Every structure is written in C-alpha cells, then in structure tokens.
Amino acid sequence: MSGFGFHTGSQVVTASGATWVAPASQDCLDAVFEIETDEMAPDCFPRFFFTQALGLFGPGFLVARIGVEVAGYALLGRHAEGRDAELYSVVVGARWRGRGAGEALTRACIEVAQCWTCDAVRLSVSPGNAVARRLYETVGFERCGFEPQYYGAGEDRVLMRLALSAEGA
Ligand SMILES: CC(C)(COP(=O)(O)OP(=O)(O)OC[C@H]1O[C@@H](n2cnc3c(N)ncnc32)[C@H](O)[C@@H]1OP(=O)(O)O)[C@@H](O)C(=O)NCCC(=O)NCCS
C-alpha cells in the first residue's frame, strides 16, 4: 500500500486513495460504536468506553474513513511497564472490508508507536482469525507466543510482536 505519511499536529495520519486514517473525534463516536456493535457483539465495548477512549488513548485512537464514511477504528495503547505499545483493537465494518482500511489502521498505529518511541508493538489475535493474522503478518508482525483459554473456555490467543527500529519499522 502506498501514499502513507505521518503529519504530527495535523488531523490526517495516513492516506491512501479514498482511505483516510485520522485521530478519532467526538463526532465520529456514534459511527464507531455502530461498527463495534455490528461486528463485535456480544463482546463489544459500551458506547461510553469510546468517549473515555478519546482521552485515555489520545492519538492511539484512530478512525479510518473511506471517502466521508467511517469504515473502522483502531486502539493503540502503551504498556505501563516497558517500552512496548499494544494494538488493542482493529475493527472494520463488514461492508468496508477488503478495501485497505484494516491495513491502513494497522500501519497508522505502527507509525503512532514509532512517534511514541516504543520498542515494539504487540497484539493478541484468535488462532482462527485467519484474515487478521494474515493482515498482521503482511505488515511485519511475527508470532511470539500462545496462551490457551485467554478469551475464555476454548478461546486461545496467539501473541504477535513487531519490533520497531529508530529509523522506522
Ligand atoms: C481484520 C479486519 C480488521 C481486516 O479489515 P479489512 O479492512 O478488510 O482489511 P484490508 O482490506 O486492509 O485487507 C487486509 C487483508 O485481509 C484480506 N481480506 C480482507 N477481507 C477478507 C475476507 N473477507 N476474506 C479473506 N481475506 C480478506 C485482504 O485481502 C488483505 O490481504 P492481502 O493484502 O493479502 O490481500 C476486518 O476483517 C475486521 O474488522 N474483522 C473483525 C474484527 C477483527 O477480527 N479484528 C482483529 C482482531 S485481532
């Protein structure tokens, strides 16, 4: 994917064609919550979580738009210990999938982690989530662990990590 760039202080984090990634704002939270409930129920975050996330995640709360429509969101946070960031959530609405929004959000999170001077980005993914695992491998994540029953009975997690260099991932 081409056309990416990070512009500190501006609203646009990345752009490629009609797909734009920018920090979340109050006016996109209804659309973000609609995507969350449509795609993640019954394990979705409540609406108030996203209001709180604006302040808690700051520039790590990103929204992808295709044209003017909100297509998905991502959450990136920093671990309390160490210098790694965690890609906490990436969700794209079903009707917007396969158009690069998931990859754009993931790459934008990596750029934010780079700006935070993190050593690495970590994430967890279900072993059966082949689309997400392939996406993460495409942008450079490598499997670094496995934890059975993490999400509940029979719900394991694969841990992945992308090391960042000072020059860029
Ligand atoms: C994972 C997810 C974010 C990907 O979003 P997306 O916008 O469709 O992703 P992209 O368009 O950037 O495509 C990324 C890769 O997935 C592939 N892909 C997208 N939709 C696909 C589908 N339905 N079937 C197979 N592959 C698919 C793309 O082809 C691309 O792979 P490629 O570059 O090798 O061609 C999206 O499927 C989603 O929101 N899933 C539900 C939430 C979730 O599981 N999040 C991850 C939790 S760890």
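Trainee: Why is S25 called exposed?

Mentor: Count its neighbours. S25 has 11 other C-beta atoms within 10 Å. Exposed means 12 or fewer such atoms, buried 20 or more, and partly exposed in between, with C-beta atoms placed from the backbone. So 11 makes S25 exposed. S25 sits in the loop between β2 (19–23) and α1. Its C-alpha atom is 9.0 Å from that of T51, 26 residues along the chain.

Trainee: What kind of model is this, and what pLDDT do local features need?

Mentor: This is a predicted model: local features need pLDDT of at least 70, side-chain atom pairs count only at pLDDT 80 or more, and totals for chains, interfaces and linings use all residues. Residues are numbered from 1 along each chain as its sequence is written.

Trainee: How do you know how confident the predictor is over the chain?

Mentor: Read pLDDT, its confidence in each residue from 0 to 100. The chain averages 90, and 88% of the residues score at least 70. Residues 1–10 stay under 50.

Trainee: What puts the buried residues F50, A53 and F57 on the same side of α2?

Mentor: In α2 (residues 47–57), F50, A53 and F57 are buried. They cover an arc of only 55° around the axis, so they share one side of α2. The arc is taken from the directions from helix axis to C-beta atoms. F48, Q52 and G55 are exposed on the face turned away from that side. The buried residues pack against α1 (29–40), β3 (61–66) and β4 (69–78). Just after α2, G58 has a positive phi of about 55°.

Trainee: Which residues touch the most other members of the largest nonpolar core?

Mentor: L62, L105, C109 and V121 do, in a core of 43 residues. Its largest share, eight residues, comes from α3. A nonpolar core joins buried Ala, Val, Leu, Ile, Met, Phe, Trp, Tyr and Cys residues through C-beta atoms within 7 Å. Leaving aside neighbours within four places in sequence, V121 is in contact with eight residues' worth of partners, among them D84, C109 and L164.

Trainee: Which element gives the most to the shell around the ligand?

Mentor: α4 does, with five residues. β5 (84–92), α3 (101–115) and α4 (130–138) each supply at least two. Of the 18 residues around the ligand, V92, R97, G102, E103 and A132 come nearest.

Conventions. A residue is near a molecule or strand if its C-beta atom, placed from the backbone, lies within 6 Å of it. Helices (H or I, at least four residues) and strands (E, at least two) are DSSP runs, numbered from the N terminus. Two residues are in contact if their C-beta atoms, placed from the backbone, lie within 7 Å.
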